[in-house]
Amino acid sequence: MNYKLTRLDGEHIVLVPTGEIGYNKELIELYKNWLNTDQEVRKGLGDKNTYNYSDIIGLFDRYIREELHFFIYLKTSEGLKPIGDISVVIRGNDLDSFSSYYNYGQGVGYFKIMLGEERSKGYGTEAARLFLAYLIDQLGFEKIFSSYYSDNTASKKMHERLGFRNLFKKNDEGREEIFSELTKKKMRKK
Ligand SMILES: CC(C)(COP(=O)(O)OP(=O)(O)OC[C@H]1O[C@@H](n2cnc3c(N)ncnc32)[C@H](O)[C@@H]1OP(=O)(O)O)[C@@H](O)C(=O)NCCC(=O)NCCS
């Protein structure tokens with residue numbers, strides 16, 4: 001990965017590159033809890049795995065080396081509080097599903113977001129808007145792909161509000177998953 005990532009400062013939140021944070025023990029523990037015990041996170045991500053400490057270290061390895069990955073921090077009167085993560089993946093299985101929707105060499109990525117705390121307060125939409133504008137306007141991405149389950153109302157509304165357009169659907173063990181794309185032209189900044 002050749003991107004030089006910088007902090008992104010929003011109104012209520014700040015996105016901090018995971019490479020800048022490094023292997024922070026408290027954050028690793030918090031992240032493990034979100035992934036293992038937060039049922040809304042597990043349902044939203046469709047994740048049935050259980051993660052031990054070394055699994056999380058493995059994820060951090062990947063986040064720091066291969067992905068454009070940030071943690072989302074909320075600005076509070078006591079300082080910055082980690083509330084989730086946001087990233088774009090530039091190779092691998094997640095992107096393979098979209099192979100007929102882009103040409104080789106185009107700047108594309110697969111978007112992921114998760115709030116382990118402070119959901120439904122507008123912070124997910126704020127973080128996503130800041131991040132996607134950065135990818136498209138500053139880093140030169142041409143298309144961002146994403147997917148979400150139809151029953152995940154917050155995610156569905158967030159994607160629609162940001163300007164994602166549905167491409168196709170899949171049925172994943174009886175749950176409908178919508179696959180979508182965002183282009184610079186369609187990106188909504190308000
Ligand atoms: C999906 C997610 C990132 C959205 O972020 P958020 O901060 O909770 O959502 P926001 O407060 O920005 O709200 C986005 C929209 O959903 C609506 N919404 C939020 N929570 C909702 C809920 N529980 N039920 C129904 N609608 C909801 C909001 O009213 C808003 O709609 P609007 O744009 O029409 O005003 C967050 O809920 C999350 O991380 N969930 C768990 C993991 C997950 O599902 N990740 C996404 C996988 S694709």
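Let's start where two strands meet: Arg165 stands opposite Glu181 in strand E8. Arg165 opens a pairing worth following, since E7 and E8 run antiparallel and are joined by seven bridges. Please keep in mind that this is a predicted model. From this pair of strands we can move out to the whole sheet, then to the ligand, and then to a few single residues.

**The E7–E8 hairpin**

- Another pair across these two strands is Asn171 with its bridge partner Glu176 in E8.
- How many residues lie between E7 and E8 in their hairpin? There are two residues between them, and Glu173 in the turn has a positive phi of about 50°.
- Strand E7 lies largely in the open, because zero of its eight residues are buried.

**The sheet**

- The eight strands form an open sheet in the order E1-E2-E3-E4-E5-E6-E8-E7, and the pairing is mixed.
- Which strands sit at the edges? They are strand E1 (8–9) and strand E7 (165–172), each of which pairs on one side only.
- On the other side of E8, you can find strand E6. E6 (residues 143–149) and E8 (residues 175–183) run antiparallel and are joined by seven bridges.
- Two residue pairs let you trace this match by eye: Ser146 has Ser180 in E8 as its bridge partner, and Tyr148 stands opposite Ile178 in E8.
- Helix H7 packs on the sheet, where it touches E6 and E8. The direction of H7 makes about 155° with that of E6.

**Around the ligand**

- The ligand is surrounded by 23 residues, and the closest are Gly44, Ser120, Gly124, Thr125 and Ala154.
- Four elements give two or more residues to this shell: helix H3 (39–45), strand E5 (108–115), helix H6 (123–138) and helix H7 (153–162).
- Which element gives the largest share of the shell? That is H7, with six residues, so the helix that packs on E6 and E8 is also a main part of the ligand's surroundings.- By type, the residues of the shell divide into nine nonpolar, nine polar and five charged.

**The loop between E5 and H6**

- Most residues other than glycine have a negative phi.
- Glu118 has a phi near 60°, a positive value in a residue other than glycine. Glu118 is found in the loop between E5 and H6.
- Ser120 is in the loop between E5 and H6 too, and its phi is also positive, near 60°.
- Is Ser120 buried or exposed? Ser120 is exposed, because 10 other C-beta atoms lie within 10 Å and a residue with 12 or fewer counts as exposed.
- Glu118 counts as partly exposed, because it has 17 C-beta neighbours inside 10 Å.

**A look at Thr37**

- Thr37 belongs to helix H2 (residues 25–37).
- With 11 other C-beta atoms within 10 Å, Thr37 is exposed.
- How far apart are Thr37 and Ser97 in space, and how far in sequence? From C-alpha to C-alpha they are 28 Å apart, and in sequence they are 60 residues apart.

**The chain as a whole**

- The protein chain contains seven helices and eight strands.
- Its C-alpha trace spans about 40 × 40 × 30 Å along the principal axes.
- A compact globule of 190 residues would have a radius of gyration near 16 Å, and the protein chain agrees with this, because its own value is 16 Å.
- Buried residues make up 27% of the 190 residues.
- Take the contacts between residues at least 6 apart in sequence: 63% of them join residues at least 24 apart.

Terms used. Residues are numbered from 1 along each chain as its sequence is written. This is a predicted model: local features need pLDDT of at least 70, side-chain atom pairs count only at pLDDT 80 or more; totals for chains, interfaces and linings use all residues. A residue is near a molecule or strand if its C-beta atom, placed from the backbone, lies within 6 Å of it. Ala, Val, Leu, Ile, Met, Phe, Trp, Tyr, Cys and Pro count as nonpolar, Asp, Glu, Lys and Arg as charged, and the others, Gly among them, as polar. The radius of gyration is taken over C-alpha atoms; the globule rule is 2.2 Å times the number of residues to the power 0.38. A residue is buried if 20 or more other C-beta atoms lie within 10 Å of its own, exposed if 12 or fewer, and partly exposed in between; C-beta atoms are placed from the backbone. Two residues are in contact if their C-beta atoms, placed from the backbone, lie within 7 Å. Two strands pair if DSSP finds at least two bridges between them. Axes are lines fitted to C-alpha atoms, for helices over the stretch in contact, and angles run from 0 to 180 degrees between N-to-C directions.
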